[in-house]
Amino acid sequence: MFTVTAYAAPSATEPLVRTTVDRREVGPHDVLIEIKYAGICHSDIHTVRGEWGETPFPLTPGHEIAGVVTRVGAEVTKHAVGDRVGVGCMVDSCRECVNCLAGQEQYCLNGMTGTYAAVGRDGTVTQGGYSTHIVVTEDFVVRIPDGLALEVAAPLLCAGITTYSPLHHWGAGPGKQVAVVGLGGLGHMAVKLAHAMGAEVTVLSQTLNKQEDGLRLGADHYYATGDQETFKKLANTFDLIINTVSARIDVDAYLSLLALNGSLVNVGAPAEPLPVNVFSLFSGRRSFAGSSIGGIRETQEMLDFCADRGIGSEIEVIPADKINDAYERVLASDVRYRFVIDIATLS
């Protein structure tokens, strides 16, 4: 084991503080990454504040990690010292179940190992990317193409793949009507990606406050859901709706916006259940679904797609001592559209 500098939450009610965490020694199949940037995801806040269940404290969050390889194990073949790499929301899985063998490690039947707040194979609690270094098995490290700056690539490891995966799975592309609910950290990436895939994109937001941004990012249309006329005007319109907000919505109202065989897919994760009337599904053979992140293969595909098309996250880079302020600003929707920590400020 060796010790690295980090920021961690001591409890669910205390601010994050500068501290240290232990990392395992680099094993035969491991990669040591010097972290350059780490994105702040709303999931980090939910987790450290105990909103998704019991949390092991002290905890260093962060699963949007971009950095450079500084050491590799003796049997590593996928990465080399000096490579620009990323780590997302998981650092291991069983690699034996049918889902893992299909490249869907995020749906591991034996439970994938999260980048933080999970128990690794060695029995220790995983600690995330608000730290100077991390050790990860090579199979869960992805390559960041040269066309992507590390700071804009970091949020792609969660916000990017979380929206790319359902857009890809449900066939967003030319001739498809895609709506994105919410224009935040996830939503702004969904707009960029759906537009790049060739879909006609509509943003559905509570107000028109971010309309100019939405259109700049690639939306063709922008509507306020606070206006009930929106739901009448857009009834039976969309093939796919990606809901990115982490709060309760009127699921039945949004289902009414779907065309025949359309799907409403949740990627935002509110702490409370989302009720649905089954008759809203019967009408138009509509579907209400959920989607997690993507597998490692799909995550690499997403990064290559973004590099080829010049797509990165819209970011505000902050020093580590502003993490707690950033949390409050995320909760107040005061960021456009992702905070990224400059890990050099931890050194």
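This section describes the nonpolar cores, two helices, a cavity, a pocket and one exposed residue of a predicted model.

The largest nonpolar core comprises 83 residues, and those with the most contacts inside it are Ile40, Tyr130, Leu167 and Ile323. Helix H5 makes the greatest contribution to this core, giving seven residues. In soluble globular proteins, nonpolar side chains tend to be buried together. The surroundings of Ile323 can be given in detail: beyond its neighbours within four places in sequence, Ile323 is in contact with Tyr7, Leu16, Ile40, Tyr130, Ile318 and Ile341. Another core, of 16 residues, lies apart from the largest one, and its members include Ala179, Val181, Leu234 and Leu258.

Helix H5 has 13 residues and spans 19 Å from its first C-alpha to its last, which is close to the 18 Å expected at 1.5 Å a residue. This helix is mostly covered, with eleven of its 13 residues buried. The buried residues of H5 are Gly185, Leu186, Gly187, His188, Met189, Ala190, Val191, Lys192, Leu193, Ala194 and Met197. Among the elements that cover them are helix H4, helix H6 (211-217) and helix H10, together with strand S10 (177-181), strand S11 (200-205) and strand S17 (338-342). Just after H5 comes Gly198, which takes a positive phi of about 100 degrees.

Helix H10 consists of 14 residues and reaches 20 Å between its first and last C-alpha, close to the 20 Å expected at 1.5 Å a residue. Its buried residues are Ile296, Glu298, Thr299, Gln300, Met302, Leu303, Phe305 and Cys306. The buried residues of H10 pack against two strands, S6 (90-92) and S9 (142-143), and against two helices, H4 (159-169) and H5 (185-197). H10 is followed by Gly310, whose phi is also positive, near 65 degrees.

The structure holds one cavity of 30 Å³ or more. The volume of the largest cavity is about 90 Å³. Its lining is formed by 13 residues, and Gly88, Cys89, Leu157, Ile296 and Thr299 lie nearest the centre. Strand S5 (84-87) and helix H10 (296-309) are the elements that give two or more residues to this lining. Ile296 and Thr299 thus appear both among the buried residues of H10 and among the residues nearest the cavity centre. By class, the lining of the largest cavity has nine nonpolar residues, four polar residues and no charged ones.

The second largest pocket encloses about 600 Å³ of space. It is lined by 29 residues, of which Arg24, Asp122, Thr124, Thr126 and Val135 are the closest to its centre. At least two lining residues are supplied by each of strand S2 (17-23), strand S6 and strand S8 (133-137). S2 provides the largest share of this lining, with five residues. The lining of the second largest pocket divides into ten nonpolar, eleven polar and eight charged residues.

Asp321 is located in the loop between strand S16 (315-318) and helix H11 (323-331). This residue is classed as exposed because its relative accessibility is 54%, and the cut-off for that class is over 50%. Asp321 and Leu260 are separated by 61 residues in sequence and, from C-alpha to C-alpha, by 50 Å in space.

Conventions:
Residues are numbered from 1 along each chain as its sequence is written. This is a predicted model: local features need pLDDT of at least 70, side-chain atom pairs count only at pLDDT 80 or more; totals for chains, interfaces and linings use all residues. Side-chain values use heavy atoms; hydrogens and water are left out. On a 1 Å grid over the protein atoms alone, a cavity is a set of points where a 1.4 Å probe fits but cannot get out, and a pocket is an open set with protein on both sides within 12 Å along at least five of seven lines; lining residues have an atom within 4 Å of a point. Grid points are joined across faces, edges and corners, and a volume is the space filled by probe spheres set on the points. Helices (H or I, at least four residues) and strands (E, at least two) are DSSP runs, numbered from the N terminus. Ala, Val, Leu, Ile, Met, Phe, Trp, Tyr, Cys and Pro count as nonpolar, Asp, Glu, Lys and Arg as charged, and the others, Gly among them, as polar. Buried means under 20% relative accessible area, exposed over 50%, partly exposed in between (1.4 Å probe, protein chains only). The expected span of a helix is 1.5 Å times one less than its number of residues. Contact means heavy atoms within 4.5 Å. A nonpolar core is a set of buried Ala, Val, Leu, Ile, Met, Phe, Trp, Tyr and Cys residues joined through side-chain atoms within 4.5 Å.
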